[in-house]
Amino acid sequence: MEDKPECVMLAAGLSSRMGAWKMMLPWDEGTVLDSAIEHALGFCERVILVTGHRADELHVRYGNHPGVTLAYNPDFQQGMFSSVQCGIAQTHGQHFFLALGDMPTISPAVYATLWESRGPYCCVPEFASYRGHPALLPGSMRGAILATPANGMLKSLMQTFGRRSIEVDEPAIHEDVDTPVQYQKLAAEWCKPEKVYG
């Protein structure tokens, strides 16, 4: 089994706390999700994009993207773990990343740092004494994740398999856009003013 970096990226949620669909919010010349995918592909061979809410629009946008594999989760309203399962079912390697589509500022360097520390355990980035995203999981977790009920908790499985915190020098591992305030704050730091929604 080859060990080429691949990334499961979750983009299936309803964005209920945002009040707008956060995946397609403007982000410089593209969208929040465009940026997250681009940064992941700066290190990973492919991104497995898990869709759910407004999946048709994402499938049109990324259907011909050479680095993206689409994975539709019909049960996305059951919660995030069902989307984790949907994406992980499409992985092949001895390790795989798990990332969130609403985190547009994580650089390829974070993925590279985690990859260098890979082993038979979970690697999670840490900045300023707090863990963040993405996570790098061993392929040996695949079966356990898929066998767990859809209401399961990934955190519990990661603790069972062992979790290592890997120090990185990027606050981006904590920076998602769940709310309008978070989006406006982050976009003000990273984007041109005319490219920001709201």
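Helices (H or I, at least four residues) and strands (E, at least two) are DSSP runs numbered from the N terminus, and it is in this sense that Leu100 is said to lie in strand E6. The model shown in these views is a predicted one.

**View 1. Surroundings of Leu100 in strand E6.** Leu100 has a relative accessible area of 15% and is therefore buried, since buried means under 20%. Once its neighbours within four places in sequence are left aside, Leu100 is in contact with Met9, Leu10, Ala36, Met80 and His133. Val50 can serve as a further point of reference in this view, for the C-alpha atoms of Leu100 and Val50 are separated by 9.8 Å, although the two residues are 50 residues apart along the chain.

**View 2. Packing of helix H1 with helix H2.** Two packed helices are described by the angle between their axes and the distance between the axes. Here helix H1, residues 32-41, and helix H2, residues 55-62, pack at an angle of about 50°, and their axes are 13 Å apart. H1 is therefore oblique to H2, and the crossing in which H1 passes H2 is right-handed. On the H1 side the contact is made by Leu33, Asp34 and Ile37, while H2 contributes Leu58, Arg61 and Tyr62. Sorted by character, the residues of this contact of H1 with H2 comprise 4 nonpolar and 2 charged, with no polar residue among them.

**View 3. Tyr62 of helix H2 and the residues it touches.** With a relative accessible area of 3%, Tyr62 is buried. Not counting residues up to four places away in sequence, Tyr62 touches Leu33, Asp34 and Ile37, and also Met24, Thr31, Leu49, Val68 and Leu70. Asp34, which belongs to the H1 side of the helix contact, is 28 residues away from Tyr62 in sequence, and the two are 9.3 Å apart in space, C-alpha to C-alpha.

**View 4. The aromatic pair of Trp27 and Tyr183.** A search of the whole structure finds 5 aromatic pairs. In the pair shown here, the ring centres of Trp27 and Tyr183 are 6.5 Å apart and the ring planes stand at 55°, so the pair is classed as tilted. Distant parts of the chain are linked by this pair, as Trp27 is in strand E2 (residues 26-27) and Tyr183 is in helix H7 (residues 180-190), 156 residues apart. Both partners are buried, Trp27 with a relative accessible area of 7% and Tyr183 with one of 1%.

**View 5. The aromatic pair of Phe43 and Phe97.** The rings of Phe43 and Phe97 have their centres 6.3 Å apart, and because their planes are at 85° the pair is edge-to-face. This pair, too, links distant parts of the chain: Phe43 sits in the loop between H1 and strand E4 (46-51), whereas Phe97 is in strand E6 (residues 95-100), and their positions lie 54 residues apart in the numbering. The two partners fall into separate accessibility classes, Phe43 being partly exposed at a relative accessible area of 25% and Phe97 counting as buried at 0%. Together with Tyr111 and Trp115, Phe43 and Phe97 form one aromatic cluster.

**View 6. Lys185 of helix H7.** Lys185 is exposed, with a relative accessible area of 54%, whereas Tyr183, which is also in helix H7, is buried at 1%. Met153 is 32 residues from Lys185 along the chain, and the C-alpha atoms of the two are separated by 30 Å.

**View 7. Backbone features in three loops.** The peptide bond leading from His133 to Pro134 is cis, with omega near 0°, and Pro134 is found in the loop between strand E8 (130-131) and strand E9 (135-138). His133 also appears among the contacts of Leu100 in the first view. Asp28, although not a glycine, has a positive phi of about 50°; Asp28 is placed in the loop between E2 and strand E3 (30-31) and is partly exposed, with a relative accessible area of 25%. Arg54 is likewise not a glycine and has a positive phi of about 55°. The place of Arg54 is in the loop between E4 and H2, and at 38% relative accessibility Arg54 counts as partly exposed.

Note on methods
Residues are numbered from 1 along each chain as its sequence is written. This is a predicted model: local features need pLDDT of at least 70, side-chain atom pairs count only at pLDDT 80 or more; totals for chains, interfaces and linings use all residues. Side-chain values use heavy atoms; hydrogens and water are left out. Axes are lines fitted to C-alpha atoms, for helices over the stretch in contact, and angles run from 0 to 180 degrees between N-to-C directions. Angles under 35 degrees count as roughly parallel, over 145 as roughly antiparallel, 65 to 115 as roughly perpendicular and the rest as oblique. A crossing is left-handed if the near helix is turned anticlockwise from the far one by less than a right angle, and right-handed if clockwise. Contact means heavy atoms within 4.5 Å. Ala, Val, Leu, Ile, Met, Phe, Trp, Tyr, Cys and Pro count as nonpolar, Asp, Glu, Lys and Arg as charged, and the others, Gly among them, as polar. Rings of Phe, Tyr and Trp (its six-membered ring) pair if their centres lie within 6.5 Å; planes under 30 degrees apart count as stacked, over 60 as edge-to-face and the rest as tilted. Buried means under 20% relative accessible area, exposed over 50%, partly exposed in between (1.4 Å probe, protein chains only).
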